[in-house]
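Here is a walk through one chain. Keep the structure open and follow the stops in order.

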Amino acid sequence: MSFSRWKTALGWLAAMPLVALAQAPWPARPITLVVPFAAGGGTDSIARDIAKTLAERLGQPVVVDNRGGAGGSIGAQAVAKAAPDGYTLLFATSTFATNAAVEPRLPYDPVKDFAPVAMIGRGPLLVVASKQLGVGSVAQLMAAAKARPEGLNFCSAGNGSINHLAGEMFRQKTGLAMTHVPFKGSAPATVELLSGRVDLFFATVPTIQSHLKDGKLGLLAVTSARRSRLFPDLPTLAEAGVPGYDVTTWWGVLAPARTPAPIVEALNRAVNDAAAAEPVKGRLQHEGADPARLAPAAFGETLQQELALWRKVAAAPGMQLR
């Protein structure tokens, strides 16, 4: 054999493992679903339901890895830097977009470093007031805010959270004097609202639902463009006098950028099927959310629209980050 042919044969032999690896069926080992929040919360519960159903559909374990902190950016960074092979995924929420809007120096690009996979569903926030404030409608809330020299305050689960920016959008659209009071999570924010030490909360349904039955809070409006089927008599903010107000929270799955398209498509089908089946379907309905079945490209467009919306809110005068 000539030297050139011998060299070519060695090249083919060296490449064979790589070719075999590239053609290996996916998934061939466990998948990690990174949840960028602490274990035990509402987001974590939905993620675990999704992981269980995905594992059944894909034939491989799907392990939930909680990496909370920094408004979700610690978990998001871990996925952005992971190998784009379909074995590391991010369970994202609307905070993925709101946090990116207020924090320009993230260690990743929310668009360029991720491949959108699927949106699971979206649901409204509820505008709730402390009983001590003594208001039963948005009109009364506005009157109370105007009657106070210092205005009102509103709490959130932290700077850059969906609660924070939803409140900021309300302040900007109404022109009311309002002060943002951030907490480390929705649980302590709810405690302060119940005590009357804060006035207002733009809360997710699962955060606040259990506190509405005993009448300890005033339920004023829903933030989505349409009324909630859980609270059909509750007006939207637009109906209550804040035109153009439309805010929802969402859940979805992202992969690292450059994940092969066939894997993204396979994940999209699996996630969509998991979200349409129990227990995820029932959980979303219980939380007033509507299912969403989007193709990866459509989810990507929605994500860019969300980023643009919240960056506009974050850039407005008077935006509070404290």
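Gln60 is a good place to begin. Outside its neighbours within four places in sequence, Gln60 is in contact with Pro27, Ala28, Arg29, Pro30 and Ala55. The residue sits in the loop between helix H2 (42–58) and strand E2 (62–66). Is Gln60 buried or exposed? Its relative accessible area is 18%. Gln60 is therefore buried, because the cut-off for buried is under 20%.

Before going further, take in the whole chain. The model is predicted. The chain holds 11 helices and 10 strands. Its C-alpha trace spans about 95 × 40 × 30 Å along the principal axes. There are 322 residues, and 51% of them count as buried. The chain exposes about 14,700 Å². Carbon and sulfur atoms supply 56% of that area. Now consider contacts between residues at least 6 apart in sequence: 77% of these join residues at least 24 apart.

Return to H2, the helix that precedes the loop of Gln60. H2 packs with helix H9 (residues 261–275). Their axes are 9 Å apart, and the packing angle is about 125°. How should that angle be classed? Angles of 65 to 115 degrees count as roughly perpendicular, and those over 145 as roughly antiparallel. The angle of about 125° lies between these classes, so H2 and H9 are oblique to each other. The crossing of H2 past H9 is right-handed. From H2 come Ile50, Thr53, Leu54, Arg57 and Leu58. They meet Leu267, Ala270, Val271, Asp273, Ala274 and Ala275 in H9. By type, the residues of this contact divide into 8 nonpolar, 1 polar and 2 charged.

A second helix pair is next. Helices H4 and H11 (residues 296–315) have axes that come within 8 Å. They cross at roughly 40°. Angles under 35 degrees would count as roughly parallel. The crossing angle is roughly 40°, so H4 and H11 are oblique to each other. Their crossing is right-handed. On the H4 side, the contact is made by Phe96, Ala97, Thr98, Ala100, Ala101 and Val102. On the H11 side, it is made by Leu303, Glu306, Leu307, Trp310, Arg311 and Ala314. These residues divide into 9 nonpolar, 1 polar and 2 charged.

Look closer at Ala97, one of the H4 residues in that contact. Ala97 lies in helix H4, which covers residues 95–102. Which residues does Ala97 touch, not counting those up to four places away in sequence? They are Glu306, Leu307 and Trp310. Along the chain, Ala97 and Glu306 are 209 residues apart. Their C-alpha atoms are separated by 6.3 Å. The relative accessible area of Ala97 is 0%. That is under 20%, so Ala97 is buried.

The last stop is Lys146, in helix H5 (residues 138–147). Its relative accessible area is 64%. The cut-off for exposed is over 50%, so Lys146 is exposed. Lys146 and Ala177 are 31 residues apart in sequence. From C-alpha to C-alpha, these two are 7.7 Å apart in space.

Three residues have now been placed. Gln60 is buried in a loop, Ala97 is buried in helix H4, and Lys146 is exposed in helix H5.

Note on methods: Residues are numbered from 1 along each chain as its sequence is written. This is a predicted model: local features need pLDDT of at least 70, side-chain atom pairs count only at pLDDT 80 or more; totals for chains, interfaces and linings use all residues. Side-chain values use heavy atoms; hydrogens and water are left out. Helices (H or I, at least four residues) and strands (E, at least two) are DSSP runs, numbered from the N terminus. Buried means under 20% relative accessible area, exposed over 50%, partly exposed in between (1.4 Å probe, protein chains only). Contact means heavy atoms within 4.5 Å. Axes are lines fitted to C-alpha atoms, for helices over the stretch in contact, and angles run from 0 to 180 degrees between N-to-C directions. A crossing is left-handed if the near helix is turned anticlockwise from the far one by less than a right angle, and right-handed if clockwise. Ala, Val, Leu, Ile, Met, Phe, Trp, Tyr, Cys and Pro count as nonpolar, Asp, Glu, Lys and Arg as charged, and the others, Gly among them, as polar. Accessible areas come from the Shrake-Rupley method with a 1.4 Å probe; for residues, only the protein chains shown count as cover.
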